[in-house]
Amino acid sequence: MKAIVLVGGFGTRLRPVTYAVPKQLIPIAGKPLLYHVLDLLPPETEEVVLATGYKADLLDAYVRAHPVRWPVRTVPEAEPLGTGGGMRNASAGISDPFFLLNSDVVASADLTAMRAAHLARTGIGTMALYEVADTKPFGVAALAAGDRITAFVEKPDAKDAPSHWINAGLAIWSRSVIDEVPGGRAVSFESEIVPGLLARGVYGFRLTGYWDDAGTPERLLRCQRLLFDDHRGGAGGVPKGAFGSGPVAAMTGARAAGASFGRYVTLGFDSVIEPGAHVEDSVLMDGVRVDRDASVLGSILGPRVRVRPGREVRGQTLGEGAEV
Ligand code: GTP
């Protein structure tokens, strides 16, 4: 099977970091969010097609420079086409059925098992679902016998939610669903298309373990904690010459001798943490500099942010080049 991965969103909730870098290239637990999503694909996946739009050039350059085990092709949109339009735009040569993945979720999902469940049924779609207490920001499925989805409601008020099982952003669809997406305009696949597909047989695949959507700063940092706790953030520990608990995932060129670390930190390429500085529960992107005796807690620092000596950055999301 092939996979279309939707990578074209603006990531507005992660601004100002996403003014410079698409959400999918923000590194968490040692590598870009996108690469954690790709890790979920079955080993025998034939090809990955990235439906790009916002910052398409940066995504294209990154995947060329950092290849994965599968061939990866990017198909950019001239203007945002939404999740449905993006899928349609990227669908030339896609397999039947195919994976359709959001690029901003982390999960312990077994997509090989989901494929087996899909192929064992006669429906046209299988959507991974995850049970949450607060369904409001998500699409919610009503389930009948055999986990057939009988209704699908986007972002309902709590009183209107048909269940606590939400769309986890990982699905398998028959090629024929692409024909249902009108061309020439932006289309939300979940709101405009999925409800009309249910009569043709769409099933839920209930995820256990962990899942989260990295769309906001708080959730992105929670996703990083989940990945580290699942040992998907490298060897753990702290960088050479540093102190503290970790885990810290230090990308190439990061230096932190004499600094101290709490739990859950990613240090981007060529970042520098000076002696006496302290970092925990944070993402520091490429070229960030944290001067001596400064501290960074629960924050996302965009490329080349500088934290001056003795300053404390707590619970902030700072855009490229900011100085505090
Ligand atoms: P926000 O602006 O913060 O809501 O983030 P977002 O733009 O990523 O939107 P959202 O989280 O709802 O997107 C869900 C998934 O669909 C993500 O993987 C997005 O990259 C992707 N996506 C959203 N809009 C488009 C689009 O117009 N084209 C393509 N190709 N993908 C999209």
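# Ligand site, pockets and unusual backbone in the model

The shell around the ligand holds six nonpolar, ten polar and four charged residues, where Ala, Val, Leu, Ile, Met, Phe, Trp, Tyr, Cys and Pro count as nonpolar, Asp, Glu, Lys and Arg as charged, and the others, Gly among them, as polar. The model is a predicted one, in which local features need pLDDT of at least 70 and side-chain atom pairs count only at pLDDT 80 or more, while totals for chains, interfaces and linings use all residues. Residues are numbered from 1 along each chain as its sequence is written, and side-chain values use heavy atoms, with hydrogens and water left out.

## The ligand

Around the ligand stand 20 residues, of which Thr 12, Arg 13, Lys 23, Glu 77 and Gly 82 come nearest (a residue is near if one of its heavy atoms lies within 4 Å). The table gives polar contacts of the ligand, that is, pairs of N or O atoms within 3.5 Å.

| Ligand atom | Protein partner | Distance |
|---|---|---|
| Oxygen | Polar backbone atom of Gly 11 | 3.1 Å |
| Nitrogen | N or O atom in the side chain of Glu 77 | 2.5 Å |
| Oxygen | Polar backbone atom of Leu 81 | 3.4 Å |

On its own the ligand has 610 Å² of accessible area, and the protein covers 82% of this (Shrake-Rupley method, 1.4 Å probe). The space that the ligand takes is the largest pocket, since more than half of a molecule's atoms must lie within 2 Å of the grid points of a pocket for it to sit there. Strand E1 (2-7) and helix H4 (82-89) are the elements that give two or more residues to the ligand shell. H4 supplies the largest share of that shell, three residues. Helices (H or I, at least four residues) and strands (E, at least two) are DSSP runs, numbered from the N terminus.

## The pockets

How much space lies in the largest pocket? The volume is about 910 Å³, taken as the space filled by probe spheres set on grid points that are joined across faces, edges and corners. The lining of the largest pocket consists of 38 residues, and Arg 13, Thr 83, Asn 102, Asp 104 and Glu 190 are the closest to its centre. Elements that give two or more residues to this lining are E1, H4, E11 and strand E13 (211-213). By class, the lining of the largest pocket divides into 13 nonpolar, 16 polar and nine charged residues.

The second largest pocket has a volume of about 280 Å³. Its lining has 17 residues, with Val 21, Leu 25, Tyr 62, Met 285 and Asp 286 the closest to its centre. Helix H3 (residues 56-65) gives the largest share of this lining, three residues. The lining of the second largest pocket comprises 13 nonpolar residues, one polar and three charged.

On a 1 Å grid over the protein atoms alone, a pocket is an open set of points with protein on both sides within 12 Å along at least five of seven lines, a cavity is a set where a 1.4 Å probe fits but cannot get out, and lining residues have an atom within 4 Å of a point.

## The cavity

The model has one cavity of 30 Å³ or more. The largest cavity has a volume of about 100 Å³. Residues that line the largest cavity include Leu 6, Leu 100, Asn 102, Met 127, Trp 173, Phe 189 and Glu 190. Two or more residues of the lining come from each of strand E6 (98-102), strand E11 (165-173) and helix H6 (189-197). E11 gives the most, with five residues. The lining of the largest cavity divides into eight nonpolar residues, three polar and one charged. Asn 102 and Glu 190 line the largest cavity and are also among the residues closest to the centre of the largest pocket.

## Backbone

Where are the cis peptide bonds? One runs from Asp 96 to Pro 97, with omega near 0°, and Pro 97 is in the loop between H4 and E6. Another runs from Gly 246 to Pro 247, with omega near 10°; Pro 247 lies in the loop between strand E14 (243-244) and strand E15 (248-250).

Asp 147, a residue other than glycine, has a positive phi, near 60°. Its place is the loop between strand E9 (139-143) and strand E10 (149-154). Asp 270 is not a glycine either, and has a positive phi of about 60°. Asp 270 is found in the loop between strand E17 (265-267) and strand E18 (272-273).

How values were computed. A polar contact is a pair of N or O atoms within 3.5 Å; within protein, one must be able to donate a hydrogen and the other to accept it, and residues adjacent in sequence count only if both atoms are side-chain atoms.
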